Amino acid sequence: MELLETGGRARTVKCCSGSGPALPWDRFSAWLECVCVVTFDLELGQAIEKTSICYLSFPDSYSGCLGDTQFSFRIRQTVGHKLSMNGDEEKYNRDAPVVLQRDRAHYYGFVYFRQVKDSTVKRGYFQKSLVLISRLPFVNLFHSLLQLVAPEYFEKLEPCLEAVCNEVDQWPAPVPGKLLSLPVMGVVIQVRIPSRKDKHGTSPLKQSNQENLLPAPMVIPTVNELDLFGCFQSILIHIQMLWELMLLGEPVIVMATSPKISSDTVLALTSCIAPLRYCCDYRPYFTIHDTEFKEYTTRTQAPPNVILGVTNPFFIKTFQHWPHIIRIGEVRMSGDLPKQIKVKKLMKLRTLDTKPGIYTSYKTFLHKDKTLIKRLLKGIQRKRPAEVQSVIVRLHLLELTQSFIIPLERYVASLMPLQRTITAWKNPPQIRPFIKEEFMKTLEYAGPQLTSVQKGDWIGLYRRFLKSPNFDGWFRMRYQEMCKKLEILHLEVLCEADLLRWVREKSEVEVVDLVLKLREKLIKARVHQLPVRDDLLEKLELYLETVISSLPDDLQVVLHRH
């Protein structure tokens with residue numbers, strides 16, 4: 001285990017990292033990149049180099065967070081450092097839903113911050129953060145882990161942290177679809193990472209009575225799903241607008257009173273369009289010290305497609321040119337219902353004490369679902385459990401997204417070549433291009449009206465979506481999946497073909513060319529773990545060896561060297 005010391009302006013950070021060269025830390029690295037301890041040091045001032053993690057690990061002075069606070073952030077990986085994944089990590093990304101895949105370009109940070117009065121410290125307060133850094137977006141799991149570890153760490157310091165790192169290094173690999181038991185500090189955490197094969201909208205993990213474990217395990221029902229109802233309490237009547245803004249990848253600022261509200265709201269917003277992946281950048285907590293501050297605040301170009309969660313009120317002036325700003329505070333009640341913030345004109349966003357509201361000139365394409373809003377508000381009055389309210393919100397958004405995406409999936413499936421056109425002795429046929437106007441015509445008879453009762457300008461929404469980063473990201477992923485499918489189908493056809501008969505009628509040059517091409521396909525299938533039956537691959541390898549042995553000795557030597 002490596003202990004690294006780095007720092008930030010008026011802060012120091014200590015990292016316990018599992019990414020060293022020693023093999024024993026491989027299991028740790030499957031879950032976490034490192035564990036950081038960040039302390040506020042008044043005497044250091046600017047003597048220590050600034051790091052993003054330092055600044056993102058502390059609430060800014062405007063938040064007024066006393067006691068214990070938990071929140072999340074996301075940072076871009078250093079430019080020039082491309083992540084290479086091992087076989088297990090590649091397999092995880094293939095088996096996990098797209099919204100839970102290991103991030104190749106960003107780190108997620110999960111923070112447990114403590115600020116309490118302490119007369120022995122010059123500043124008068126003890127201020128320290130324990131931070132978990134990971135490429136996995138398991139917000140619930142890692143915050144639950146911090147709730148166990150951080151209070152103990154603040155009392156016992158390094159020995160406790162080292163013991164926890166050793167325990168994490170004994171955890172099983174994060175395998176989608178499998179119930180995992182993760183022991184730490186005398187507690188067994190039970191989680192199940194969703195699989196891509198799961199049916200959408202299935203119920204989360206519940207306490208199991210099958211095993212009489214003592215003490216009873218700490219069950220985390222879902223590794224990543226937030227309490228959507230809690231996050232959206234004051235903006236429930238605008239859910240339709242928020243869903244559209246996320247779908248279209250619009251630039252959005254979330255201005256909150258604390259890093260927790262900021263980060264939870266941003267993460268809840270990006271999950272609105274699940275099972276679609278939100279393909280734009282998003283920062284659950286963003287500060288003026290962030291390395292992308294200048295990039296995101298320049299007025300010389302249009303705001304980027306990103307969601308930023310901020311707490312510093314001075315951002316109001318900085319982001320006045322942004323098209324959508326959500327200003328939220330602590331939930332206020334109006335009678336027994338949470339007070340709903342209003343949509344306001346951007347021109348009213350001027351002062352530091354700007355009132356809560358959604359500042360935008362955006363007009364929704366689809367009409368509000370008044371039935372959903374009435375159902376949720378009635379649920380509040382009838383004291384319906386928050387978990388049930390959240391399920392109602394999540395299922396509504398899921399059905400909306402599925403109704404929107406099904407026509408796209410149907411059209412993309414039609415671009416795939418017919419299986420009967422795939423033959424052994426020719427390259428696989430090309431996937432047809434996505435022609436936007438051709439797709440738009442299919443909406444007349446196979447549009448979202450088949451699965452959704454939602455009214456409005458669906459055509460206009462599709463036209464806008466087809467120009468968005470989310471469409472680009474979704475189509476790129478689907479295209480790669482179709483290319484892999486073609487590779488698999490072509491390999492299966494080759495495996496069933498009579499290679500020996502075919503090579504009898506061919507020249508040596510043609511046979512050598514075939515051998516090299518087939519070898520390349522086999523290597524691809526093995527390296528990328530394509531879902532082709534092992535017996536078929538073994539049959540093809542045997543065919544290849546037989547074909548090579550039929551060639552002259554000098555060619556055999558050359559081919560065996562390749």
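This is a short talk on one sheet, the helices packed on it, and a helix pair in a predicted model.

I'll start with the sheet. It is open, has 6 strands, and runs in the order β11-β12-β10-β13-β17-β16, with mixed pairing. At the edges are β11, residues 281–283, and β16, residues 343–344, each of which pairs on one side only.

Now to one pair inside that order. Strand β10, residues 252–255, lies parallel to strand β13, residues 324–327, and the two share 4 bridges. If you want a residue to look at, take isoleucine 253, whose bridge partner in β13 is isoleucine 325.

Next, the helices on the sheet. Helix α7, residues 239–247, touches β10, β12, β13, β16 and β17. The direction of α7 makes about 45° with that of β17, which covers residues 357–360. Helix α8, residues 259–270, also packs on the sheet, and its contacts are with β10, β11, β12 and β13. Here the angle is given against β12, and it is about 160°.

Last, the helix pair. How do α11 and α12 run, roughly parallel or roughly antiparallel? Helix α11 is residues 370–381 and helix α12 is residues 386–413; they pack at about 170°, with axes 10 Å apart. Angles over 145 degrees count as roughly antiparallel, so α11 and α12 are roughly antiparallel to each other.

As for the side that each helix presents, α11 brings Leu372, Arg375, Leu376, Gly379 and Ile380, and α12 meets them with Gln389, Ile392, Val393 and His396. By class, that contact has 5 nonpolar, 3 polar and 1 charged residues.

Conventions: Residues are numbered from 1 along each chain as its sequence is written. This is a predicted model: local features need pLDDT of at least 70, side-chain atom pairs count only at pLDDT 80 or more; totals for chains, interfaces and linings use all residues. Side-chain values use heavy atoms; hydrogens and water are left out. Two strands pair if DSSP finds at least two bridges between them. Contact means heavy atoms within 4.5 Å. Axes are lines fitted to C-alpha atoms, for helices over the stretch in contact, and angles run from 0 to 180 degrees between N-to-C directions. Angles under 35 degrees count as roughly parallel, over 145 as roughly antiparallel, 65 to 115 as roughly perpendicular and the rest as oblique. Ala, Val, Leu, Ile, Met, Phe, Trp, Tyr, Cys and Pro count as nonpolar, Asp, Glu, Lys and Arg as charged, and the others, Gly among them, as polar.
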